Amino acid sequence: MQGFDWGTFVGVLFTIAVWTYLYKENPIWRVAEHIYIGLATAWSIGYYFYSYVKPTIMDDILTKHNWLYIVPVILGLMMYLRYFPSVAWLARYPMSFWVGYGAGYGLAFSFAPMLTWIAQTFVKLNSFNNIVLWLAVVTGLMYFFFTVNRENAVVKYGALVGRYFIMVGLGAAFGNTVLYRYNLFIDRARYVLGFLHLIK
Amino acid sequence: MRKEVPMIITALSALAAVFGNFFWLGHHWGVMDLLDNWFNRSFAFAALIGVINLSIIHINAIRRRKENWVYSLILLIAMYGYAILGLIQTTDGPQASWIYNNVLTPLDSTVFALLAFYITSASYRAFRARTVEATVLLVTAIVVMLGVAPIGAVLFTDKISSLAQWLLNYANAGTYRAFSIAGSLGAMATALRITLGLERAHLGGAQ
């Protein structure tokens, strides 16, 4: 068996194990599923440890004496207090930091791109393509006007046209998603068939 | 202490992020660099939460000999075995890399590829063109699929890919711009509610 590609062999076995789910839920699939969850969780532990935990403690705090980095260590460790009912409320502190910081990021970074998109919509309506683009933006936005009275004819019919444009957008997104998934499936099929020497 | 302090932390963190990004002084003082570091590193220190939760659920299943407890055992062996291996030799170590390349990656890609079949059965149900809107969605999806996939050009000449490209470049691009503008407004409104303490779901319900 010298030269036999054990790695690909194992990969093919797990690929077929997942495919068995297409027939119905079965023990082979469930073994693969549980191994997948276990490995994916474990991988993230190794990644976080070597990317953040070890450098923070060993390099930044113990070697460079950068004491500001004690704050994230304390914040992260506070999350484990949720397992102790009497002090579980303290786990809200790091959660508040994460949510607040994320919200601040949203406030800071949503505005500029939005202004760019609005500015890009001010196109000359001198061609069919530009009119379609402009109509899609304006009527698409009208569809999301929930605070304006829908009895107004402009909003009412604008939102109606917008609904059709939204269907076009969703249809295109759906078509692209289907193609992407089939692309992935073809890639897996090539992997298995290539290993079995059924294709080159 | 239990509700007020977290609300103050939320507001201050949000304001610090806005200050750090919008104002020159924020960049000058390196506010964002420091907070980005705190955010990523504190998250990393809390990463074991997932392992602890999975362990609690599956150890309980094994101890109580619940139905299919053997799968719980398999999950724990895979998780702790690979975590220990990864911590001993890093995730780039020879054995850890072998498992990553030959077990985790094929499993990951195949599970995602599996969705191709479910999306097909979902589309069968969704695409039964019962309304005008559903028909528009159906026609657009078919045109885009045939336009992008090579089989479309074989069956219908290059015109189908031109039509698909036009749909993507104008009708679809405009619609997505509307989505993005509406989404940004919604995101900013939600972020403002969180900053002002009007949205408190992240603080939980308990006292």
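**Exercise 1. The contact between the chains**

Find how many residues each chain brings to the contact, and describe the side that belongs to chain A.

*Solution.* Start with the totals: 97 residues of chain A and 100 residues of chain B take part in the contact. Next, look at which elements of chain A supply two or more residues to the side touching chain B: these are α1 (6–19), α2 (27–63), α3 (70–78), α4 (92–121), α5 (128–143) and α6 (153–195). Then sort that side of chain A by residue class, which gives 67 nonpolar, 24 polar and six charged residues. Keep in mind as you work that this is a predicted model.

**Exercise 2. Two chains, element by element**

Work out how many helices and strands chain A has, then do the count for chain B.

*Solution.* Take chain A to begin with: it has six helices and zero strands, so to speak a run of α-α-α-α-α-α from the N terminus on. Turn to chain B, where there are nine helices and zero strands. Along the sequence, the pattern of chain B reads α-α-α-α-α-α-α-α-α.

**Exercise 3. Overall dimensions**

Set the radius of gyration of chain A against the value for a compact globule of 200 residues, and treat chain B in the same way with 207 residues.

*Solution.* For chain A, the globule value is near 16 Å, but the chain itself has 27 Å. Its C-alpha trace spans about 70 × 60 × 35 Å along the principal axes. For chain B, the globule value is near 17 Å, and the chain has 25 Å. The C-alpha trace of chain B spans about 65 × 55 × 40 Å along its principal axes.

Now add burial. In chain A, 32% of the 200 residues count as buried; in chain B, 31% of the 207 residues do.

Finish with the contacts that have a separation of 6 or more. In chain A, residues 24 or more positions apart make up 19% of them. In chain B, the share for residues 24 or more positions apart is 25%.

**Exercise 4. The nonpolar cores**

Name the residues that touch the most other members of the largest nonpolar core, and find the element that gives the most to this core.

*Solution.* The largest nonpolar core holds 51 residues, and A:Leu39, A:Tyr101, B:Ala14, B:Ala17 and B:Tyr82 touch the most other members. The element that gives the most is α2(A), with ten residues. Apart from this core lies another, of 31 residues, including A:Ala136, A:Ala159, A:Phe174 and B:Leu137.

Now zoom in on B:Tyr82. Leaving out neighbours within four places in sequence, B:Tyr82 is in contact with A:Gly38, A:Leu39, A:Ala42, A:Trp43 and B:Ile99.

**Exercise 5. A helix pair across the chains**

Describe how α2(A) packs against helix α6 (residues 94–126) of chain B.

*Solution.* Two packed helices are described by the angle between their axes and the distance between the axes. Here the axes come within 10 Å and cross at roughly 115 degrees, and the crossing of α2(A) with α6(B) is left-handed. Then list the residues: from α2(A) come A:Ala32, A:Tyr36, A:Leu39, A:Ala40 and A:Trp43, which meet B:Ile99, B:Tyr100, B:Val103, B:Leu104, B:Leu107 and B:Val111 of α6(B). By class, this contact has eleven nonpolar, no polar and no charged residues.

**Exercise 6. A helix pair within chain B**

Describe the packing of helix α4 (residues 48–63) and helix α5 (residues 69–89) of chain B.

*Solution.* The axes lie 8 Å apart, at an angle of about 145 degrees. The crossing of α4(B) and α5(B) is left-handed. On the α4(B) side you find B:Val51, B:Leu54, B:Ser55, B:His58, B:Ala61 and B:Ile62, and these meet B:Trp69, B:Ser72, B:Leu73, B:Leu75, B:Leu76 and B:Met79 in α5(B). The classes in this contact are nine nonpolar, three polar and no charged.

**Exercise 7. Two residues of one helix**

Decide whether B:Met7 is buried, partly exposed or exposed, and repeat the step for B:Leu12.

*Solution.* B:Met7 sits in helix α1 (residues 4–22) of chain B. A residue needs 20 or more C-beta neighbours within 10 Å to be buried, and is exposed with 12 or fewer. B:Met7 has 18 inside 10 Å, so B:Met7 is partly exposed. B:Leu12, found in helix α1 of chain B, has 17 such neighbours and therefore counts as partly exposed.

Definitions and conventions. Residues numbered from 1 in each chain as written. Chains lettered and ligands numbered in written order. Predicted model: local features only at pLDDT ≥ 70, side-chain atom pairs only at ≥ 80, totals over all residues. Contact = placed C-beta atoms within 7 Å. Helix = DSSP H or I, 4+ residues; strand = E, 2+ residues; numbered from the N terminus. Nonpolar A, V, L, I, M, F, W, Y, C, P; charged D, E, K, R; others polar. Core = buried A, V, L, I, M, F, W, Y, C linked by C-beta atoms within 7 Å. Rg over C-alpha atoms; globule rule 2.2 N^0.38 Å. Axes fitted to C-alpha atoms, helices over the stretch in contact; angles between N-to-C directions. Left-handed = near helix turned anticlockwise from the far one by under 90°.
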